[in-house]
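Got your viewer open? Load the model, and we'll walk through it stop by stop.

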Amino acid sequence: MRCLVLLLLLALAPLPALAETRALAVAEDGRVATGGENPELRLWPADLIAPLAALHWHQGPVQALAALPGGGFASAGEDGRVALWPTAWGNGITAPERVLEAHAGPVTALAAREGWLLSAGWDGTAWLWPLAGGPLAGGPLAGGPLAGGPPRALRGAPGPITAAAFRSDGLPVTAGADGTLRLWGEDGQPRILASFAVPQSALATLPGGLMASVGGDGMLHLTGPAGTQRHLDAGRRPLAALAASADGSLLAAAGPGGGLFVWSLPEGRLRHSLPTGGTALWALGFSPDGALLYATGADGRLRGFDMARGTTIGPPLGAAPPPPATPRQAGLDMEGARVFRACGACHGLSAPPPGQADLKAGPHLGGLFGRRMGSVPGYAYSERLSRGDIVWTKETLADLLTRGPEAMLPGSRQPELRIGDGDDLAALLRFLEQATKD
């Protein structure tokens, strides 16, 4: 029952009356693109007054977005396809200029730099796609097997890739469900930059070859080119989203607990702790000049924050109409569903359909009550959980959620999440009892 926080990547179980947004990107001209559960892509002006365009093209939730050099966006999601949208998107365009297909499963992350697009997915592969104009004239990707020609597969990750970025020197970096950061060299081979106790759900590029990452441990990790590390504490709350300003002076992180934090770099001083109303946030992005920070998440709304003042730039906008409730969702405990948001980043409420991969970082909760821990087929449990010496009941779950994983299951690597409010705990247990029945 290891609880991990993944982005974009990793889908939140549908909650009643929510149409969440999972991905966000900011273009060079300040326009903002968002995508999510519906599935829907929306394009916004920098002032967030009203959406410029909305379209449905992907055949499943949108998990990742990236702004393309020179304008336009790339989008990808659970349908495994990467779409390239032109700069003029919003003027009646309903289909992408180009569709890239290579992944054998959902695409969880996108990153772009001049001449290149990097996609990464649940199938454990990353792909380098040459964009219009070809590779850079200089830099690591200008020569060798990664340069020019057809798209190149980057293979060697042992499991799902959860985040991807280009380092400041142009080399690809990926984060995996195994908790590692991998740097892909000029020869296309990976080497491990850093390894953490929990999967890293988001990456951001900083100057000087520095990479930032976050995950379920609630820490913001800064990894240098040689693997040196520095850590900033966000209060041990799981983090799922990360963004850096273009000049690297600001770094923002957020997660399912609703916290949104901004640090000043290089000193690592916490500059803002911004109000979000407790909403789980899954995606962040800075304006090109770093003056604004955008955030979106479980309620499907887009928020803007003024970085000079640490204030919002207007009410949250743009909630898409929620999908209709399914029979499985009807009648569920709404308070319990609210509490479950922090768990839903990592755990689905039911097993995936036959033949489909489980998109969650943690094991599904289908048939939870009466199930022995460590018993979901195909899930790579920690050594402690694989012992299977506890059966999940209301009492054992209450013990886990009250005392915390470290006290009850030392060595399980589950983030230290506890519920101190008795009413919240009771509501969550009611919700799980209703929603996880096979």
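What is the sign of phi at Gly404, the residue that follows α2? Select Gly404 and check its backbone: phi is positive, near 100°. Before moving on, a word on what you're looking at: this is a predicted model, where local features need pLDDT of at least 70, side-chain atom pairs count only at pLDDT 80 or more, and totals for chains, interfaces and linings use all residues. Residues are numbered from 1 along each chain as its sequence is written, and side-chain values use heavy atoms, with hydrogens and water left out.

**The whole chain**

Zoom out and colour by secondary structure. You'll find 4 helices and 28 strands; helices (H or I, at least four residues) and strands (E, at least two) are DSSP runs, numbered from the N terminus. Of the protein's 438 residues, 60% are buried, where buried means under 20% relative accessible area, exposed over 50%, and partly exposed in between (1.4 Å probe, protein chains only).

**Into the pocket**

Next, select Ala67, Ala111, Ala112, Thr205 and Ala244. Of the 50 residues lining the largest pocket, these are the closest to its centre. The pocket holds about 1300 Å³ of space. Here a pocket is an open set of points on a 1 Å grid over the protein atoms alone, where a 1.4 Å probe fits, with protein on both sides within 12 Å along at least five of seven lines; lining residues have an atom within 4 Å of a point. Grid points are joined across faces, edges and corners, and the volume is the space filled by probe spheres set on the points.

Now show the strands around it: β1 (21–26), β5 (62–67), β9 (107–113), β13 (161–166), β17 (200–205), β21 (241–244) and β25 (281–286) each give two or more residues to the lining. β9 gives the most, with 6 residues.

**Helix α4 and the largest core**

Jump to residues 422–435, which form α4. At 1.5 Å a residue (times one less than the number of residues), its 14 residues should span 20 Å, and the end C-alpha atoms are indeed 20 Å apart. Buried along α4 are Leu425, Ala427, Leu428, Leu429, Phe431, Leu432 and Ala435.

Add Phe340, Trp392 and Leu409 to Leu428, Phe431 and Leu432: of the 28 residues in the largest nonpolar core, these touch the most other members. Such a core is a set of buried Ala, Val, Leu, Ile, Met, Phe, Trp, Tyr and Cys residues joined through side-chain atoms within 4.5 Å. Two or more residues each come from α1 (334–344), α2 (394–403) and α4, with α4 giving the most, 6 residues.

Apart from this core lies another, of 16 residues, including Ala204, Ala212, Trp263 and Leu265.

**A cis bond**

Stay with Leu265 and look at its link to Pro266: that peptide bond is cis, with omega near 15°. Pro266 sits in the loop between β23 (260–264) and β24 (269–274).

**The loop between α1 and α2**

Last stop. Pro363 is in the loop between α1 and α2, and it's buried, with a relative accessible area of 1%. Thr393 is in the loop between α1 and α2 too, but Thr393 is partly exposed, at 26%. Draw a distance from Thr393 to Arg372: they are 21 residues apart in sequence and 9.4 Å apart, C-alpha to C-alpha. Finish on α2, where Thr396, Leu397, Ala398, Leu400 and Leu401 are buried.
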